[in-house]
Amino acid sequence: MANQVIPENELLDFTYDLPKTDWMHTPVEFKPGMYCHGAKEKTVEAVGMPNGHAWSPADEDWHLPEGWKETVLNGMQSLMGKYRSFKLFMDVCVRCGACADKCHFYMASGDPKNMPVVRAELLRSVYRRYFTLSGKMFGELVGARDLTEDVIKEWYYYFFQCTECRRCSVFCPYGIDQAEITMMGRELLNLLGLNTEWIAGPVANCYNKGNHVGLEPQTIMSNVEFMMEDLEEITGKTYRPSFNRKGAEILFVVPSGDLYAEPGTHTFMGYIMLLEELGLDYTLSTYASEGGNFGFFTANDMAKRLNAKMYAEAKRLGVKWMLGGECGHMWRLVNQYMDTWNGPADFLEVPVSPVTGTRFENASATKMVHITEFTADLLYHDKIKVDPSRNDHLVVTYHDSCNTARAMGLLEEPRYIINKVCNNFHEMAEETIREKTLCCGSGAGLNAGENMELRMRGGFPRAQAVRQVRDAYGVNTLANICAIDRAAFPALMDYWVPGTRVTGVHELVGNALVLEGEGERTLDLRLQELPRKPKPASADAASGEGADHVQG
Amino acid sequence: MKIAIPLALTALLAALAWAGTEYLGLQVLFGIVVPYVAVACFVIGFVFRLVNWGRSAVPFRIPTTCGQQKSLPWIKQNKIENPSSFAGVVGRMLLEVLVFRSLFRNTKTEKRGDKLGVGSAKWLWLGALVFHWSFLLIIVRHLRFFLDPVPAFLAGIDGADAFLQVGLPLLYITDLTIVAALTFLFIRRVVVPRVRYLSLPNDFFPLFLIIGVVLAGVAMRYVFRIDLVGVKEMTMGLVTLHPAIVDGVGAIFYVHLFLASALIAYFPFSKLMHAGGIVLSPTRNAANDSRMVRHVNPWNPDVKVHTYAEYEDEYKDKMAKAGLPLDAE
């Protein structure tokens, strides 16, 4: 897929020079490879979203529904009452430019409308024209412009060139968050039936089938069966994780990517090895088979509708608390939206680890624990045995996913785990990790195939940071805790840093986990030969080092 | 054009005040009516804007977390950059408001051949900080024109600001720093291509207004050496609501006063409201505690969902075949 994109040297053949004409007088140009297919009428209608119709972004006429202008302006009015963030962010920007070169899409395309401040001005200019006195009176002189079909097209092009990663908001002196503005822009576009098929399709799947990738219950079960067969070959143990089981203590919700394709499935195998080894009383669900939420990339109501099944299923199954898998935007929503949307979760209990007795006070309202919090707690209390040398063939770096970093602050837990289960870990450059982490370039529903050039560009700053640690330390593995990362990074790495393995953190855990009564492990979770153990000559040193990690 | 028009407008305002008081005898208009109208605009406008923002809901807690969350007891939380308590939020806001914490993170991205390079870029932070603090100190210093007797601490600030003991009248350090900072901020907006590209006329207008106020003020003190006793008589008249015109304070004073009036009248209708807005910013003023404490959305909509019962009904045969338990059995 990735190699259909223009060659690397051409992709980087751009400058930060600015066009002669200012942005307001530069019409949007739809460049192939930089945008997604439009949502089809039937996909939009499948979930009852408004104004689905036949159109294509490449067409001159988008067949906007009658009265579209009023629809948009009324929509803006309504959103301003609903979101203080929206109104405030329309008003307080001073255009200092601090955000301008913090966006990965701007950094790797040079397109000035991808500077977060200008992307926001695309919407602000319309806000000023219709909702402020000065804009009504002085128009362009105060940065106001009329709402036209071209403006709608521009919104579509650029609000789907933003991954809602929030990096700009870290640097903004007022905390203006382009993610919030993009969300409002997309919400307005959705009123006109304008979305991408890559987002609308998974939304429809998730609503009807329970997950984005559209796995029906029997397919989930057979996928899991395949994975468990692999695990049996690797460990000699038989695993039968339960689904839809009433009366379990814990409901475990993962992103459906982990049930669907490599390398997510390897991460899933890691989860199951761990949970089974601990003998936890947990179950998964085919109904709540998606922690992610593409509805969030359309409109608030849709996101709430897709999220509802998580608590509903926990209640139906009568579990005590919930555990969540490795997923980025899922965790933004669990942390900042789920309880507000679909809570209170008063039918659940404050999560307590049955293994360590740790009470997860930080999840006392949502009753949902992140699996890296859970596993870090196990390792801290020496409740599992790990042999990090089984990951010695991997030189690992860690990518903070945007949402867990900037909408949660889950920074140390995954690092603690990686350091326990791997011997070779190296951080990328300071300005590319933690709260300053760079996006994979494919988040917020942009991980389609037809916009591959956009994805390769958007992911370039991240890839460059990976390349630096590859050259400096021989890094060959990019660990992460996000299903979109696991889906998007393989193509990005193939393109910019070939030979880099993309892995979930719990795949590394699964490799290192020493199982009760297990013989010597010869295969990793990808069924690849593990590096041979050192010969007896160096056995002392190896066991001495290993004892540190294996105790308990 | 986006520079010329606001510059011309500012010059026009200054010329109006000069001509109006020097040749047309409109001292009452520029010395009494306009300042009162401007203050009224400022107060009413400022309050209106805050109330207007405040009336919009805050449906979700969306802090931008810039450090480690509160989770396991042995993992050190960053209590300021990722606050989970009110005290932490206050600390974060104070850092933002007093020392521009977020702007301090600023970096600069450059493209060298096939590589992107990121370098330190603290100049914007420094320029902004020097400008805002100088401005604040100058405003505080001006209180001596509105209070009689002048409180000791104001005299102290005044003395400290003039501690260089250079020139007569004594040169204020803040006059130097604000002129330097404004010059930097203006030049940056014009010279840095990216910033010039994204600037609007309404970014230059307040900048020119402030430069105008400062230059008129500096000229009054160091060049024209206007009658300070007369000025104080007028300003005291304004604050005690017994306004009167004192002859002989000079047109330059009216230019200063008129531009300052224009600035505060314009304030609530402009981007200058960032001063009030920052405190309400949802990505900065909220604690990251929504997994611990339930946050309620006042307009949380009722939505149609696909229930488990509907799901089971649609897939029951397939579920049964796959060995999954069914509710409807």
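1. Two strands count as paired if DSSP finds at least two bridges between them, and with that in mind one bridge of this predicted model can be read off directly: Y398(A) has A479(A), a residue of β6(A), as its bridge partner. The two strands concerned, β5(A) and β6(A), the latter covering residues 477–480, pair in the parallel sense over 3 bridges. As a general matter, the strands of a sheet pair through backbone hydrogen bonds, either parallel or antiparallel.

2. These strands belong to an open sheet of 3 strands in chain A, whose order is β5-β6-β7 and whose pairing is parallel. At the edges stand β5 (396–398) and β7 (501–504) of chain A, and because each has a single partner strand, one side of each is left without a neighbour in the sheet. When direction is ignored, neighbouring strands of this sheet are turned against each other by 30° on average. Helix α22 of chain A, residues 483–496, packs on the sheet and touches both β6 and β7 of chain A, and its direction makes about 170° with that of β7(A).

3. A second place to look is the open sheet of 4 strands in chain A, which has the order β2-β1-β3-β4 with parallel pairing. Its edge strands are β2 (282–283) and β4 (368–370) of chain A, each of which pairs on one side only. Strand β1 of chain A, residues 250–253, is joined to β2(A) by 2 bridges, and the two run parallel; I250(A) has Y282(A) in β2(A) as its bridge partner. Lying across β3 (321–324) and β4 of chain A is α17(A), which runs at about 70° to β4(A).

4. The domain assignment divides chain A into domain 1 (2–30 + 50–194), domain 2 (212–380) and domain 3 (388–516 + 523–529). Between domain 2 and domain 3 of chain A, the C-alpha centres lie 21 Å apart, and the contact takes 36 residues from domain 2 and 37 residues from domain 3 of chain A. On the side of domain 2 of chain A that touches domain 3 of chain A, at least two residues are supplied by each of α12 (217–235), α13 (264–277), α15 (328–336) and α17 (371–380) of chain A. The largest share of that side, 9 residues, comes from α13(A). Sorted by class, the side has 14 nonpolar, 14 polar and 8 charged residues.

5. How are helices α3 and α10 of chain A packed? Helix α3 (residues 68–82) and helix α10 (residues 178–191) of chain A meet at an angle of about 140°, with their axes 9 Å apart, and that angle makes α3(A) oblique to α10(A). The crossing is right-handed. From α3(A), T71(A), V72(A), G75(A), M76(A) and L79(A) take part, and from α10(A) they meet M184(A), E187(A), L188(A) and L191(A). The residues of this contact divide into 6 nonpolar, 2 polar and 1 charged.

6. Another helix pair worth checking is α11 (residues 197–209) and α14 (residues 300–317) of chain A, which pack at an angle of about 35° with their axes 9 Å apart. Here α11(A) passes α14(A) in a left-handed crossing. The contact brings V203(A), C206(A) and Y207(A) of α11(A) to M302(A), R305(A) and L306(A) of α14(A), and by class it has 5 nonpolar, no polar and 1 charged residues.

Methods
Residues are numbered from 1 along each chain as its sequence is written. Chains are lettered from A and ligands numbered from 1 in the order in which they are written. This is a predicted model: local features need pLDDT of at least 70, side-chain atom pairs count only at pLDDT 80 or more; totals for chains, interfaces and linings use all residues. Axes are lines fitted to C-alpha atoms, for helices over the stretch in contact, and angles run from 0 to 180 degrees between N-to-C directions. Angles under 35 degrees count as roughly parallel, over 145 as roughly antiparallel, 65 to 115 as roughly perpendicular and the rest as oblique. A crossing is left-handed if the near helix is turned anticlockwise from the far one by less than a right angle, and right-handed if clockwise. Two residues are in contact if their C-beta atoms, placed from the backbone, lie within 7 Å. Ala, Val, Leu, Ile, Met, Phe, Trp, Tyr, Cys and Pro count as nonpolar, Asp, Glu, Lys and Arg as charged, and the others, Gly among them, as polar. Domain bounds come from an automatic or database domain assignment.
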